[in-house]
Amino acid sequence: MELMKSENIVQDRQPQPQEEEEIMQQEEEEQRFHVLAVDDSVIDRKLLEKLLKASSYQVTCVESGEKALEYLGLLHHSSPASSSSQHHHQGHKVNLIMTDFSMPGTSGYDLLKRIKGSSWKDVPVVVMSSENVPSRISMCLEGGAEEFMLKPLQLSDLHKIQAHLLKSLPHS
Amino acid sequence: MDLVQLQRQLVDYRTSLYHEGFLDEQFTQLQSLQDENNPDFVVEVVSLFFEDSERLLNELSKALEQQIIDFKRMDGQVHQLKGSSSSIGAHRVQKLCIVFRNYCEAQNVEGCLKCLQQVKHEYGIIKTKLESMFQLEQQILNAGGSIPV
C-alpha cells in the first residue's frame, strides 16, 4: 500500500471551493418556491418564466394541460400516493401552479378541476386569460382557483402571487 | 453619426412608435425585464413573436383559400395572434385581431379576407420598425455606448 502524502489526505476530506458553491446553490434552490407554469403560447411561456425568475422563483414551464398532468403524475392514474405537506411527488416539489385558460386539449379549467380533485388539491392554482369574461372568472374561482389574472401579466401582478405562496406555507 | 446622435435618434424613434400607436405599455414592461443576466431578452421575445406570427398568418391565408372555410379554427388562430401581439405590446396588430375575430364569428369571408390583408400589412410595418430599432441599438453598443432607457 502506498503511503499517501499528508496534503493529499487533507484535499480528499474537504470539498473543493466549486463543490461547496454548488451545494449551497442547490440548497438555496430547494428553499425557493417552485412554480409550474402552463401555457400553449411560446411567447407567453418565455414572458412568464422571466417574470417568475425575476421574482426569485424556480420555474418549470410546460406547453399543455396534458404535459402538466404528466408532470404532476396525474395523467394515467386517478390519485397517486398521499403527499407530504411540502407537496412532493415523484421528486417534484410544486408550490404554485399558473395556467392559461384557453388551451387546446386539456383547458386551464380542466386542469384546475383535475388538480383540485387530486392529492395536489392544496397547491394554489392561478388561472390566466387574455379575455376579461366575468362568467369565466367566477367559474374558475368557484372551481377552486386562488386567483384569476388578466394577461399580459406584469411584475406587479407577481406580488399578489407571493401572498398566496406565503399563505400556503405550513404553520409552525 | 456619433454616439450621442445615435442615442438621440433611438430615443426619438422609440417615442414615435408609442405616439403613433405601434407599441403600447406592454413593450415597456418587456424592456424593464431585460437586465445584464439576460441582455437579449427583448430581442429573443420579439423574434419568437415574428416566427409565431408568420406561421399563423400563413395558416390563416391557407384557411381562407379552402373550399370549406373552418371559421372556428381560424378564430382560434386569430386568438393566438391577438394574445402574442398583446404580450409584446404590438398594439395595432392586437386591435386588428379583435376586428378579425368578429368577422370569424360572423362567418364573413369578405370581412376575413380584408382583415387578413390589414393584419399582414400592420405586421409587416411593426416588424420593420422593431428591426430598425434593434439595429440602432446594436450600432450604439458597437460604438461602445449604452442603450438609453
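This is a short presentation of a predicted model with chains A and B.

Good morning, colleagues. I shall begin with chain A as a whole, turn to two annotated residues, and then discuss salt bridges and nonpolar cores.

Chain A has 172 residues, of which 40% count as buried. Its secondary structure comes to seven helices and seven strands. Read along the sequence, these elements follow the pattern α-α-β-α-β-α-β-β-β-α-β-α-β-α. Among the contacts in chain A with a separation of 6 or more, 64% are between residues 24 or more positions apart.

A word on confidence is in order. The mean pLDDT of chain A is 84, and 78% of its residues reach 70 or more. One stretch calls for caution: over residues 82-86 of chain A, pLDDT stays under 50. For that stretch the model has five contacts beyond four places in sequence.

Let us now consider the annotated residue of chain A. The UniProt record, an unreviewed entry, places "modified residue: 4-aspartylphosphate" at A:Asp100. Where in chain A is A:Asp100 found? The residue is in strand β5, which covers residues 96-100. Is A:Asp100 buried or exposed? Its relative accessibility is 6%, so A:Asp100 counts as buried. Leaving aside neighbours within four places in sequence, A:Asp100 is in contact with A:Val38, A:Asp39, A:Asp40, A:Gly108, A:Met128, A:Ser129 and A:Lys151.

The annotated residue of chain B is B:His79, which UniProt, again in an unreviewed entry, lists for "modified residue: Phosphohistidine". B:His79 sits in helix α4 of chain B, residues 71-88. With a relative accessibility of 17%, B:His79 counts as buried, because the limit for that class is under 20%. Which residues does B:His79 touch, not counting those up to four places away in sequence? They are A:Ser102, A:Ser130, A:Glu131 and B:Arg101.

Helix α4 of chain B also holds B:Lys82. B:Lys82 is buried yet has no salt bridge. The nearest side chain of opposite charge is that of A:Glu131, 4.5 Å away, whereas a salt bridge requires the nitrogen and oxygen to be within 4 Å. Leaving aside neighbours within four places in sequence, B:Lys82 is in contact with A:Ser130, A:Glu131, B:Gln94, B:Cys97, B:Ile98 and B:Arg101. A:Glu131 is thus among the contacts of B:His79 and among those of B:Lys82.

I turn to the salt bridges, of which the structure holds 16 over all chains. One of them is formed by the side chains of B:Glu44 and A:Lys46, at 2.8 Å from N to O. B:Glu44 lies in helix α3 of chain B and A:Lys46 in helix α3 of chain A, residues 42-54, so this pair joins two chains. Both partners are partly exposed: B:Glu44 has a relative accessible area of 32%, and A:Lys46 has one of 21%.

A further pair, A:Lys160 and A:Glu147, meets in a salt bridge at 3.9 Å from N to O. This pair links distant parts of the chain, with A:Lys160 in helix α7 (residues 155-167) and A:Glu147 in strand β7 (residues 147-150), 13 residues apart. A:Lys160 counts as partly exposed at 42% relative accessibility, while A:Glu147 is buried at 17%.

Within chain B, B:Arg55 forms a salt bridge with B:Glu59, the closest N and O atoms being 3.4 Å apart. Both lie in helix α3 of chain B, four residues apart, or about one turn of the helix. B:Arg55 counts as partly exposed at 34% relative accessibility, as does B:Glu59 at 26%. In chain A, salt bridges that share partners join A:Asp39, A:Asp44, A:Asp100 and A:Lys151 into one network. The annotated A:Asp100 is therefore a member of that network.

Finally, the nonpolar cores. The largest nonpolar core has 62 residues. Which of them touch the most other members? They are A:Leu52, A:Met98, B:Met74, B:Phe100 and B:Leu130. Helix α3 of chain B, residues 41-65, gives the most to this core, with twelve residues. A second, separate core of 22 residues includes A:Ala68, A:Ile97, A:Met103 and A:Phe148. Returning to B:Leu130, its contacts, leaving aside neighbours within four places in sequence, are with B:Leu23, B:Phe27, B:Val46, B:Phe50 and B:Ile88.

Thank you for your attention.

Definitions and conventions: Residues are numbered from 1 along each chain as its sequence is written. Chains are lettered from A and ligands numbered from 1 in the order in which they are written. This is a predicted model: local features need pLDDT of at least 70, side-chain atom pairs count only at pLDDT 80 or more; totals for chains, interfaces and linings use all residues. Side-chain values use heavy atoms; hydrogens and water are left out. UniProt positions are given in the numbering used here, feature names are shortened, and annotations may be inferred rather than shown by experiment. Buried means under 20% relative accessible area, exposed over 50%, partly exposed in between (1.4 Å probe, protein chains only). Contact means heavy atoms within 4.5 Å. Lys and Arg count as positive and Asp and Glu as negative; His and the chain ends are not counted. A nonpolar core is a set of buried Ala, Val, Leu, Ile, Met, Phe, Trp, Tyr and Cys residues joined through side-chain atoms within 4.5 Å. pLDDT is the predictor's confidence in each residue, from 0 to 100.
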